[in-house]
Amino acid sequence: MDAADIVASVLVLGIIVVSLLSNVVVLICFLYNPEIRKQVPGLFILNLTFCNLLLSVSNMPLTLIGLITTTGHPGGSSIACQIVGFLDTFLTTNSMLSMAALSIDRWVAVVFPLSYHSRIRHRDAVMALGYTWIHSLCFSTVATCRSWVGYNHLYASCTLCSVRAKGAGLQFIVFSLAFHSLTFLLTLIVLCLTYLKVLKVARFHCKRIDVITMQTLVLLVDIHPSVRQKCLDEQKRRRQRATKKISTFIGTFVVCFTPYVITRIVELFTAGPISPHWGVLSKCLAYSKAASDPFVYSLLRHQYRKTCSLLANKVLKRSPLNSSSRRTENNTARSNTNANDVRPQNDVRPQNDVRPQNDVRPQNDVQLSNNKPLEP
């Protein structure tokens, strides 16, 4: 192994660990929180998580073994490698189409908020998932039946192999172009159209809120400059928030899948060899999408973060209510101790000053009354 293979192996190992942990957390949150299960996007996220987990336990470990070993291919028998190649094509296609379904769902939710529940129902989500599975099964089954999948040394993984498809010639080229056009290109077009429309609507709402905010700041003449500056800063963050989210959705998809798809297409039309280090790097970038999807679509949302905090408190056997009650009890105990320290001083001083006077004055009055002569 050279230095590049060692770096690639460490990278693949890190992707496997992050992908497994993050996707398992998303799956646990989905099973624990009933509100997430009731939502329509939860079905698409569950399908995406399922694909990422299978990819992490089937294809990624074999790629890691292929980088470590130098003799033979890690798929064992050819049948096992074909099964893994089938899963690679199926899971990659299914995850891409799940991202497209999520973008369409968010587009409907933002553009048609009042009629969202009537337009997108669980039945519609199940039909969309059925299409993604049929679409993925068609391409992966055709490639497997035609024996176009196998161990590809360029990517160090069991996937579509142009070497095994040399006899097919034009058929494999047409299949590959149709496959990448109806998966990667179609998903990219859907992501751009839907999320750019969402960004347009979000900016329109931000402008309306900004107008109301500026009118309020103009009317409030006596407002403190620090409060005015906080309002302006929040206005600026509001404009940038939607842009950052949409850039993350589209940017991660382009960065992770574009190098791999371009390398695949270049491999079809060039007779010269392609650097295996670049092929492995492009494959690692495609794998990294499985590790980034849980954060992009799930774990950074408030509902999932709240569920994770509840699960962490449950595992650690603590609850927010107990911690707050303990804080109040500690504050009450501190106030009681301070009160007990002050009260004796306030009680003792008046008693020493007042009681002797109260005790002496009545005695003097009584003595004078006794010494006074009685009238006849």
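Okay, the largest pocket: its volume comes out at about 610 Å³. Keep in mind that this is a predicted model. There are 21 residues lining that pocket, and the ones closest to its centre are Arg106, Lys245, Phe249, Val296 and Arg301.

So which helix gives the most to the lining of the largest pocket? That's α8, with seven residues. But α8 has company: α4, α7, α8 and α9 each put in at least two lining residues. If you want to find them on screen, α7 runs 170-219, α8 runs 225-269 and α9 runs 276-299. As for the chemistry of the lining, we get 13 nonpolar residues, six charged and two polar.

Now hang on to α4, since it takes us to the cysteines. How many disulfides does the count come to? Just one disulfide. The pair is Cys81 with Cys158, and the sulfur atoms sit 2.2 Å apart, inside the 2.5 Å cut-off for calling a disulfide. Cys81 is in helix α4, residues 78-111, while Cys158 is in strand β2, residues 157-160. That's 77 residues apart, so to speak a link between distant parts of the chain. For those of you who like torsions, the one about the S-S bond of Cys81 and Cys158 is about -110°, and therefore the disulfide is left-handed.

Are the two partners buried or exposed? Cys81 is buried, at 3% relative accessible area, and Cys158 is buried too, at 2%. The cut-off there is under 20%, by the way. Let me add two other cysteines while we're at it. Cys51 is buried, with 1% relative accessibility. Cys138, on the other hand, is partly exposed, with a relative accessible area of 44%.

Last stop, the strand that carries Cys158. Strand β2 pairs with β1, residues 149-152, and the two run antiparallel over four bridges. If you want one bridge to click on, take Gly150, whose partner in β2 is Thr159. Between the strands of this hairpin there are four residues, and Ala156 has a positive phi, near 55°. A general reminder for anyone looking at the side chains: in a regular strand they alternate between the two faces of the sheet.

To tie the two halves together: α4 supplies at least two residues to the lining of the largest pocket, and helix α4 also holds Cys81, whose disulfide partner Cys158 is in β2. That's my bit, thanks.

Conventions: Residues numbered from 1 in each chain as written. Predicted model: local features only at pLDDT ≥ 70, side-chain atom pairs only at ≥ 80, totals over all residues. Heavy atoms only, no water. Buried < 20%, exposed > 50% of the residue type's maximum accessible area, 1.4 Å probe, protein only. Pairing = 2+ DSSP bridges. 1 Å grid on protein atoms, 1.4 Å probe; cavity = no way out; pocket = protein on both sides within 12 Å on 5 of 7 lines; lining within 4 Å. Points joined across faces, edges and corners; volume = space filled by probe spheres on them. Nonpolar A, V, L, I, M, F, W, Y, C, P; charged D, E, K, R; others polar.
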